[in-house]
Amino acid sequence: MLITNIHKVSDQMPVGFTGTSTPVLLNQAVSSSSASTTSATTLYHRLLYLVLAIGIVLRLVHFFHNRSFVTDELYLGVNVVKMSFWELATKPFEYEQKAPIGYLWTVKALALLFGYGGKSMRLFPLLAGIGSMFALVPVARYFLKPWTVVAAVAIMAFSSPCIFHSIEAKQYSIELFAAVLSLWLYIRFLSKQDIPSMLLWGLAGSVLLWFSFSLIFILASIGLVISIHTIVSKQWHKLFRYAIPFSLWFISFAVQYILITSKYHQSGWLIDYFDRINEAFVPLPLEPIASVKWLLHKCYLTLLYPLGLLLDLDGDLDSLNNTPLRYFFKMGWLHAACLVLGGIYFIRKDRLNFAVLLLPMGLTLAASVVRVYPFHERFTLFLMPALIIVSCLGLEYIQSVLSRHPKWFGALAVLFFAPTVITAAREVADPRLVMHAEYNRDVMVYVNDHFREGDAVYVFWNMNQGYEFYKLTYPLKYTAVEGSFVKNTSRNPTDYLRNLQPDFDQFKGHKRLWFIYDSDSKTAIGDYVTLPEWYHKPGFDAPTLLHNHFSQFGKKTGHFQLKRSAVSLYELNQ
C-alpha cells in the first residue's frame with residue numbers, strides 16, 4: 001500500500017520539479033517498505049524451513065520405530081518378496097493384490113539392495129513422502145500468498161494420514177508424490193509453447209503414470225480443461241502444441257492398461273466390501289437426497305482423511321466421543337468453512353485453475369458411481385494437494401475479512417492447526433495411536449522368543465499372511481501349522497471343527513500349543529462380507545470356538561495380545 005501511494009504522489013508532481021526534501025522522504029519510505037518486505041520474506045522462509053524440518057522428523061521417527069506391517073502391507077509384501085521382476089509384471093498376485101509396476105520394481109530393487117525387511121520396503125514411500133512436501137512448495141507459491149504457502153506445507157507435514165502412508169509399504173505415498181509433481185509440471189509448462197518443452201512435459205507425465213494408478217484422474221483433468229479452454233478461446237495453435245503431451249499421456253496409459261492393468265480382473269467381492277463396510281461408492285439407485293447426504297458426508301471426511309485436520313479422539317481422549325464436545329474439539333466446523341470459502345473464492349478468482357485442481361475429484365466421484373474406483377480414505381490421498389490449496393485460499397479469504405482484527409485471525413489460525421499438531425505429537429509420543437496400527441510381527445516374535453523344542457504353533461487362517469511374510473523376512477525358528485481356510489465349505493460350527501481336524505492332528509506328540517490369531521478379522525480376500533451366514537451370525541466368534549476346542553485336550557497357561565493380534569499358549573495333555 002505504501003509503495004502504491006508513493007507511485008501516485010510521484011505521478012502528480014510537475015515534470016520540472018527539482019526540490020530536494022521530498023525525494024529524500026520518498027527514498028526513506030521506499031527503503032523502509034523494502035526492509036519490511038525483506039523482513040517478512042525472511043520470516044516466511046524460516047518458518048517454511050522449520051515446517052519442512054518438522055515434517056521430515058515426524059516421518060523419520062515413525063520410520064525408525066519400524067512398526068509391524070499392517071494386513072494390507074503383508075498381502076502385497078508377500079508378493080514382492082516371493083516374485084521376480086518379470087513375475088511382478090506378468091503373473092497374478094497372491095491375495096488378489098494390485099500396485100503400479102514402477103512402484104513394485106523400485107521396492108523390489110531396494111529390497112534386493114538392502115535386504116528384505118520393514119525399513120527397506122518402506123524406504124521408497126518415505127522418500128516420496130518427504131519429496132511431496134518439497135514439491136508442494138513451488139505449487140503452493142503459484143496459487144497462494146507467502147504466508148499461506150507455509151500453511152499449505154504445514155497441513156501436509158502434520159497430516160496423520162500423510163505421515164502414515166509415508167512409512168507404509170504400499171503405493172499411496174508415491175501416488176501423492178506423483179500428484180504433486182503433475183501439478184508442478186502443469187504450472188511449469190502451461191505457459192510454454194516450444195516443442196521440446198511439450199515433449200518433456202509429455203514424457204514426464206507418461207513416466208509418472210507407471211507409478212500411480214490415480215494419476216490418470218489428474219492428467220485427464222488437465223487435458224480436458226486446457227483443451228476445452230483453448231477451443232473456446234479459438235487458440236488453435238496452442239491446442240495443437242498441447243496435443244503433444246496429452247497424446248503421450250494417453251499412449252502411456254493405454255500401453256500400461258493393455259500390458260498390465262487389464263489383467264487385474266474386477267472383483268465383485270471387493271466392490272461389495274467397499275460398498276457395505278466403507279460406503280465408498282455413490283449409493284444406487286441415484287436418489288437426490290441420499291446422494292447429496294453421501295456427498296456431503298464424504299466431503300466432510302476429507303478433512304480427516306487425507307487432510308488430517310480433525311482431531312483424533314482416541315486413546316486418553318476417547319471419552320470425548322460420547323459428548324457433544326467432540327464437535328468442538330475436532331474443529332470440523334472451522335476446517336469445513338475454510339474449504340467452502342476457499343472454493344468460492346477460488347472459482348471467482350481463477351476458474352481455469354479451479355477446474356484443473358477440482359475436476360479430478362469430480363472424475364473420481366464419477367468413477368465411484370460406476371463402481372470402478374472407491375472414494376474412501378487411502379484412495380483419495382492423491383486429491384490432497386488440491387484440497388490443501390483450496391483450504392489455504394479459505395484461510396486467505398478469512399484473513400482479508402479480519403484484516404482489521406489480526407488477533408481474532410491469529411486465534412482462528414491456532415484453532416485451525418491445533419488438532420493436526422496435537423494428533424501428530426500424540427502419535428510420536430505413543431506410536432500405538434498411529435492410525436491402522438497392527439501388531440502381527442509382535443505376536444510372531446513373542447512366540448519366537450518363548451518357543452521351546454517340542455512346541456506346536458498353529459496360525460489361524462486370518463493371520464497366515466503375517467506368518468508367511470515374517471517367515472520369509474525374519475529368522476523365525478519355528479515352522480507353524482498354517483490354518484486351513486474351510487469356513488466357506490463348512491455348514492455350521494460343528495462341521496467347521498470337523499473340517500479343521502487335519503490341522504489339529506498335527507499337534508499330536510507336542511507338549512505345548514501356541515495359537516496365533518486375529519481377534520477381529522472375519523473376512524478373507526475373495527470373501528463376501530456376510531458369507532457364510534453362520535460364520536457372520538451375531539455372537540459367533542471362530543477363535544473362541546477354537547479356544548473351547550483346545551481346552552478339551554489342554555490347559556491355557558498364557559496369553560499375549562496387542563489390539564487385535566493375539567496368541568495363547570496351551571499345555572497339552574499327554
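1. A residue is called buried when its relative accessible area is under 20%, exposed when it is over 50%, and partly exposed in between. In this predicted model, Leu259 has a relative accessible area of 48%, so Leu259 is partly exposed.

2. Leu259 lies in helix α12, which covers residues 236–259. Leu259 also belongs to a nonpolar patch on the surface, of about 700 Å². The other residues that make this patch are Phe250, Ile251, Phe253, Val255, Tyr257 and Ile258.

3. In soluble globular proteins, nonpolar side chains tend to be buried together. Which residues touch the most other members of the largest nonpolar core? They are Leu144, Met156, Trp201, Ile222 and Ile388, in a core of 88 residues. A second core, separate from this one, has 41 residues, among them Val107, Phe124, Val457 and Ala480.

4. Met156 can be looked at in more detail. Leaving aside residues up to four places away in sequence, Met156 touches Arg59, Ser132, Met133, Leu136, Cys162, Leu176, Val180, Met384 and Ile388.

5. How many disulfides are found in the whole structure? The search gives zero. Cys162, one of the contacts of Met156, is in no disulfide, and the nearest cysteine sulfur, in Cys392, is 14 Å away. Cys162 has 1% relative accessibility and therefore counts as buried.

6. Why does Cys392 not bond to Cys338? A disulfide needs two cysteine sulfur atoms within 2.5 Å. The closest cysteine sulfur to that of Cys392 is in Cys338, at 8.6 Å, which is too far for a bond. Cys392 counts as buried, because its relative accessibility is 0%.

Conventions
Residues numbered from 1 in each chain as written. Predicted model: local features only at pLDDT ≥ 70, side-chain atom pairs only at ≥ 80, totals over all residues. Heavy atoms only, no water. Patch = residues over 30% accessible without salt bridge, like charges linked within 9 Å, V, L, I, M, F, W, Y side chains within 5 Å. Areas by Shrake-Rupley, 256 points an atom, 1.4 Å probe, with all protein chains shown as cover. Salt bridge = Lys/Arg side-chain N within 4 Å of Asp/Glu carboxyl O. Helix = DSSP H or I, 4+ residues; strand = E, 2+ residues; numbered from the N terminus. Buried < 20%, exposed > 50% of the residue type's maximum accessible area, 1.4 Å probe, protein only. Core = buried A, V, L, I, M, F, W, Y, C linked by side-chain atoms within 4.5 Å. Contact = heavy atoms within 4.5 Å.
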